[in-house]
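Here's a report on how the pieces of this assembly touch one another. Have a look at the picture, then read on.

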Protein chains: 2
Amino acid sequence: MAQVKSNYQFEDMLQKHNLKKTAPRLRVLSMMYSKNTATSQPDLESVMNDIDRVTLYRILNVFEEKGIIHKVFDLNGTANYAVCHSDCQENHHHDEHLHFNCTACKNVYCLNELNIPKLTLPAGFEPQAFTIYASGLCPKCSKKGTAKVN
Amino acid sequence: MAQVKSNYQFEDMLQKHNLKKTAPRLRVLSMMYSKNTATSQPDLESVMNDIDRVTLYRILNVFEEKGIIHKVFDLNGTANYAVCHSDCQENHHHDEHLHFNCTACKNVYCLNELNIPKLTLPAGFEPQAFTIYASGLCPKCSKKGTAKVN
DNA sequence: ATATAAATGCAACATTATTGTATTTAGAAA
DNA sequence: TTTCTAAATACAATAATGTTGCATTTATAT
């Protein structure tokens, strides 16, 4: 579900992280919070096509550093960005949830509800983080057949 | 463990998939089979720098189509290629194993032994494939601290 | 030995990402 | 409010990665 937040809340978020409240940053925030799926870098660029590409990259980078968003690569290796759900902190992400990549509409869903089961790795491997990727049909596309959603 | 195969076996592999036995293809095969980790696209390019970049892309693509290798993106979104372990067939990969990305040496290990536990997704999601990524220290690097391995 | 389909090499181009610097602007201070 | 300054944005240039079309070469079937 897309989180509904006011512009005031986005301004607060920026302030909390010692980031200046600028128009480009507020627009990126409000776009990403309005969706329940991750946003691909190409999509971001085309929607925000009046903002300089480099500015976009830098905004995404600081947001990621600050733990506001996280980056996830889809099946094609394309970067997707999604808001972090709960307890991400600066340089310390907790995005160990399942990422679902729909093969029809290409959307990437962050399924935060799902916990990743404990896994025992072969001797010597010292895992620090896990992510699971699943691909298949999302609810909208499994209903509609393979019709394009969005 | 790197699989030891002779050039004859690589030629057989190509023949079995109706691919011509060419020098570039044999070199790519023997390189990938000599390693127990995936090979990044940049690494491949620099090792095979006398082979045309486009040829390399095309070789990797057919090998992937034929189920000889599979592609996996590492933490930075870089493409990595690894030999498929057992029952991959043309256009039907079974690479549902765990990919371990070492944060020190950057190597990507395919841990085929490990089975991925069954997961139940929220209603409506129809998963067709899973991959788990883990990151942390691989056996070599956890021993050596953060020293560069290879 | 030769014919030919397939593979490679090369050139051009598209997309994605990075770096440096000048200009603009948010927010602090006067 | 006005002024100052560090931070953010815009712009230019470049690097890295991936794709397409076509001429040339080569593996292999005849």
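Between chain B and chain A, the number of salt bridges is zero. Keep in mind that this is a predicted model. So what do you find between the two chains instead? Polar contacts are there: the rule picks out 10 residue pairs across the interface of chain B and chain A, both residues having pLDDT 80 or more.

On chain B, the elements that give two or more residues to the side touching chain A are β4 (98-102), β5 (108-111), β6 (126-137) and α5 (139-143). Of these, β6(B) gives the most, with 12 residues. And what kinds of residues sit on that side of chain B? They split into 22 nonpolar, 11 polar and three charged.

How many residues take part? In chain B there are 36, in contact with 36 residues of chain A. Put the two chains together and about 2600 Å² gets buried, with carbon and sulfur atoms giving 69% of that area.

Now follow β6(B) across to the other chain. In which sense does strand β6 (residues 126-137) of chain A pair with β6(B)? The two strands are antiparallel, and their pairing runs over 11 bridges. If you'd like one spot to look for, G136(A) stands opposite P127(B) in β6(B).

Next up is the DNA. There are 19 residues around DNA strand C, and the ones that come nearest are R53(A), Y57(A), R58(A), T22(B) and R58(B). Looking from the DNA's side, sugar and phosphate make up 53% of the atoms of DNA strand C that come within 4 Å of the protein.

Here are three side chains with a polar atom by the strand, each listed with its partner atom and distance.

| Side chain | Partner atom in DNA strand C | Distance |
|---|---|---|
| R53(A) | base nitrogen | 2.6 Å |
| T22(B) | phosphate oxygen | 2.8 Å |
| R25(B) | sugar or linking oxygen | 3.0 Å |

Which elements give two or more residues to the surface near DNA strand C? From chain A they are α3 (41-47) and α4 (53-65), and from chain B they are α2 (23-33) and α4 (53-65). Sorted by class, the surface near DNA strand C holds eight nonpolar, three polar and eight charged residues. Set that beside the side of chain B that touches chain A, where three residues are charged.

Methods
Residues numbered from 1 in each chain as written. Chains lettered and ligands numbered in written order. Predicted model: local features only at pLDDT ≥ 70, side-chain atom pairs only at ≥ 80, totals over all residues. Heavy atoms only, no water. Near = heavy atom within 4 Å. Polar contact = N/O pair within 3.5 Å; in protein donor to acceptor, adjacent residues only side chain to side chain. Helix = DSSP H or I, 4+ residues; strand = E, 2+ residues; numbered from the N terminus. Nonpolar A, V, L, I, M, F, W, Y, C, P; charged D, E, K, R; others polar. Contact = heavy atoms within 4.5 Å. Buried area = accessible area lost by both parts, 1.4 Å probe. Salt bridge = Lys/Arg side-chain N within 4 Å of Asp/Glu carboxyl O. Pairing = 2+ DSSP bridges.
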